[in-house]
Amino acid sequence: MSLLNRILSMCKAYAYMEPMIINSTIDHLKYGATGELLCQNIRNEWLYSNVTSRDESVFQFCNVREKYFNDILSLKDPFVNAKQFSNNQLPFSFADSRSLCEQPDSLDSEFSANPGRFSLTEILIDDNGQESTEIRAEFEWGQETIETIRNVNTKMFDSLEPAEQEMFMSRVGKRKVLPHVVESETSLEKACMVFLCDGYTELPYHNDRREVFRFHRKLAPYKITFAAPLLNAKKADELRQLSIYLGLSLKKSGVSTLITPYLAKKSLESQFTDSDCLGIPYIAVLNESTLEDGILGLRSIETTLETLSCVLRHILYAFNSYIGFWCIIPLISKAFVILFGREVFKEKIHVANLTSYVELLIKNY
């Protein structure tokens, strides 16, 4: 089976997406539950990177292209509003995140598991003098174009009547000019497919290999789930109730959490495998002693280790309050795990601190 077919098979098995084929061609992509969450996270990070955190003002709009013969006319009303909000001064930008995504930057390499696969082509100039370049991703089956960037300049206004051109005139300082346009085009479906292919990994597993998805924690559909070893029915039920309680706390804090029905009903190894296949970055590992002392382990998909740390409260306090010696503690702990780490080591976290700690891990890039 080819690599692409293995990726598509895993996408279908874990409810990411499935290509719908009509007349031997892919008509559209059908997304499952995890695929919808992945798309939502990609869009949220795209909006943050290209709208919320930009130096200049970026205004969102929806391009209803079928109403206009010229794409620039779809910007007429948003442009008038933007001029009003910006005191008629350039620069400002527009972002369309509901049809084609037009953006000044790309998310691909920032969130990729393998940034080296992305490259920028040479600048091409067409017969009309328009410059363009493409961002491409290199996969085993060849290159895929992820994003196209065009330097449209002022040419898109040439076909407009003088009265319509006047509507787009803006100021740079005291000069009145037509805006120079740089257009970037991609699509949410394309971005989702790229991150799925990029996140697909085959890891050694005993004498074989197993397939997993490894996403940046900002993009992962679920940030955390729960696991517990096989126990008697009473203890297992108590741990399931605890996982529901902790999961609700995480969800209320905006942390996407998967609560599985087979907690303490399958082996830990099997639970870890299912979580890794879904690309979940963290697993809160409960056990019988958790019910007595409130301590649980936290496993990371990046290291597949449960690291040893008995000073969590001090670490959190240091991160939030100090710059100095105490900030070195987490680095020492991490270095210790990298050097001596094995699955028997656990990062011991009190259940009362789980939500704040996971929030810290996810928000800290």
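Reader: Which residue of strand 16 does Thr-225 stand opposite?
Author: This is a predicted model. Strand 15 covers residues 224-227, and Thr-225 falls in that range. Strands 15 and 16 pair in the parallel sense over two bridges. Across from Thr-225, in strand 16, stands Leu-258.

Reader: What is the strand order in the open sheet of five strands?
Author: The pairing in this open sheet is mixed. Strands 16 and 19 stand at its edges. Read across, the order is 16-15-17-18-19.

Reader: Why is one side of strand 16 and of strand 19 left without a neighbour in the sheet?
Author: Strands of a sheet pair through backbone hydrogen bonds, either parallel or antiparallel. Strand 16 (257-258) and strand 19 (349-350) are edge strands, so one side of each has no neighbour in the sheet. The reason is the number of partner strands each one has: a single one.

Reader: Which helix lies across strand 15, strand 16 and strand 18?
Author: Look at residues 233-252. This helix runs at about 170° to strand 15. Strand 18, which it also lies across, spans 295-300. The helix is helix 7.

Reader: At what angle does helix 12 run to strand 18?
Author: Helix 12 is made of residues 354-363. It lies across strand 15, strand 17 (282-285), strand 18 and strand 19. Its angle to strand 18 is about 15°.

Reader: Which residue in strand 4 is the bridge partner of Val-58?
Author: Strand 3 holds residues 57-60, and strand 4 is its parallel partner over four bridges. Val-58 lies within strand 3. Its bridge partner in strand 4 is Ser-93.

Reader: Are the residues on the two faces of strand 4 buried or exposed?
Author: Strand 4 runs over residues 92-95. Phe-92 and Phe-94 sit on one side, with Ser-93 and Ala-95 on the other. Both faces are covered, and these four residues are all buried.

Reader: What percentage of the chain's residues count as buried?
Author: The chain has 12 helices and 19 strands. It exposes about 20,100 Å², and carbon and sulfur atoms supply 54% of that area. Of its 365 residues, the buried share is 44%.

Reader: How many contacts beyond four places in sequence does the model have for residues 307-346?
Author: The chain averages a pLDDT of 77. Over residues 307-346, though, pLDDT stays under 50. Where pLDDT is low, the predicted coordinates should not be read in detail. With that caution, the number of such contacts for residues 307-346 is 49.

Note on methods:
Residues numbered from 1 in each chain as written. Predicted model: local features only at pLDDT ≥ 70, side-chain atom pairs only at ≥ 80, totals over all residues. Heavy atoms only, no water. Pairing = 2+ DSSP bridges. Contact = heavy atoms within 4.5 Å. Axes fitted to C-alpha atoms, helices over the stretch in contact; angles between N-to-C directions. Buried < 20%, exposed > 50% of the residue type's maximum accessible area, 1.4 Å probe, protein only. pLDDT = per-residue confidence, 0-100. Areas by Shrake-Rupley, 256 points an atom, 1.4 Å probe, with all protein chains shown as cover.
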